[in-house]
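Me: I'd like a close look at the charged side chains of this protein, and at how they sit on its surface. Could you keep it chatty and take me through it piece by piece?

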Amino acid sequence: MKIGIVGLPNVGKSTLFNSITKAGAECANYPFCTIEPNVGVVGVPDKRLDELAKMYNPQKVTHAVIEFVDIAGLVKGASKGEGLGNKFLSHIRETDSICEVVRCFENSNIVHVDGNIDPIRDIETINLELIFSDIETVDKRLEKAKKNLKADKKYQEEIDLLEKIKLNLENGTPARAVNFTEEEQELVKQMFLLTTKPILYIANVSEEQLENVDQDEMVKKVKEYAAKENAEVIPLCIKIEEELSGLEDQDKQEMLEALGLEESRIR
């Protein structure tokens, strides 16, 4: 599985990437990091597999792996090529799912690309760029399907589906939030739309916000937004997670106890 980490600039994407991939990960950093993504491959811990290995003592034990792709920050207008947007959108297209990092913390030392903190605006900036890109893809397929309809009436089914998707996209609804029949779902899979990819939102909060994170107003807004598309939200203090990822077990436990936390949210 390949997961793309996306978000606006300076929201914590690369810090999250480092938090995950430092745990024994094989990580390759590409040149020109503002253009090319960072890629890390992480083994998935599985206690069941470990127990089976003890029982049968095989010559080799292979854990499942996840490939994380740290994609450089998207900006408004990316679907039209702003900020090398077409390049970044192509990187997202190659992933199986999306992890969108949303900044929910205030810090005057870290400049926000839009000047102030507004998680819903940030989410909509990213998601609208993905929607605009999908509308372009749908328009091209519609044009082709209408031409083919003259020779084969079977393309009417595809045209109806494409028009249904386009209507929802134009209303700001990502394809993953649209109800499709089983037959429609098979056709949608073949379109490789960006907004059909499963999405997980990471609400990046400060250490202070962690104390009562479920009641935090910004986190609640992100959860309300995500619920509309049946997506999950994980509140994280990514800065703390990065610090924890570089510690030995004993030091990590001491830090968790000092912070009043039971465990790291990233294992």
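Reply: Let's start with Asp-214 and Lys-223, whose side chains meet in a salt bridge, 3.5 Å from N to O. A salt bridge here is a side-chain nitrogen of Lys or Arg within 4 Å of a carboxyl oxygen of Asp or Glu. Keep in mind that this is a predicted model, so local features need pLDDT of at least 70 and side-chain atom pairs count only at pLDDT 80 or more, while totals for chains, interfaces and linings use all residues. Residues are numbered from 1 along each chain as its sequence is written, and side-chain values use heavy atoms, with hydrogens and water left out.

Back to that pair: Lys-223 counts as partly exposed because its relative accessible area is 32%. The cut-offs are under 20% for buried and over 50% for exposed, with partly exposed in between (1.4 Å probe, protein chains only).

The structure has 16 salt bridges, so let's look at a few others.

Lys-166 makes one with Glu-170, and the closest N and O atoms there are 4.0 Å apart. Both residues sit in helix α5, which covers residues 155–170, and they are four residues apart, about one turn of the helix. Helices are DSSP runs (H or I, at least four residues), as are strands (E, at least two), numbered from the N terminus. Lys-166 has 22% relative accessibility, so it is partly exposed. Asp-139 joins in as well, since a network of salt bridges links it with Lys-166 and Glu-170.

Now hop over to helix α2, residues 47–56, where Lys-54 and Glu-51 both lie, three residues apart, again about one turn of the helix. They form a salt bridge too, with 3.6 Å between the closest N and O atoms. Lys-54 is exposed because its relative accessibility comes to 65%. Its partner Glu-51, at 43%, counts as partly exposed.

Helix α2 is also home to Tyr-56, which counts as exposed because its relative accessibility is 62%. Together with Leu-52 and Met-55, Tyr-56 makes a nonpolar surface patch of about 380 Å² accessible area. Those areas come from the Shrake-Rupley method with a 1.4 Å probe, and for residues only the protein chains shown count as cover. Patch members have over 30% relative accessible area and no salt bridge; like charges are joined within 9 Å, and nonpolar side chains (Val, Leu, Ile, Met, Phe, Trp, Tyr) within 5 Å.

There's a charged patch as well: Glu-248, Asp-249, Asp-251, Glu-254 and Glu-257 gather on the surface as a patch of negative charge. Asp and Glu count as negative, Lys and Arg as positive, and His and the chain ends are not counted; each charge is placed at NZ of Lys, CZ of Arg, CG of Asp or CD of Glu. One of the patch members, Asp-251, belongs to helix α10, residues 249–259. At 39% relative accessibility, Asp-251 is partly exposed.

Now for the setting. The protein has ten helices and seven strands, and 42% of its 267 residues are buried. It exposes about 15700 Å², with carbon and sulfur atoms supplying 49% of that.

For contrast with the surface, try Ser-206, in the loop between β6 (199–204) and α7 (207–210). Ser-206 counts as buried because its relative accessibility is 17%. Along the sequence Ser-206 is 102 residues from Cys-104, but their C-alpha atoms are 7.9 Å apart in space.
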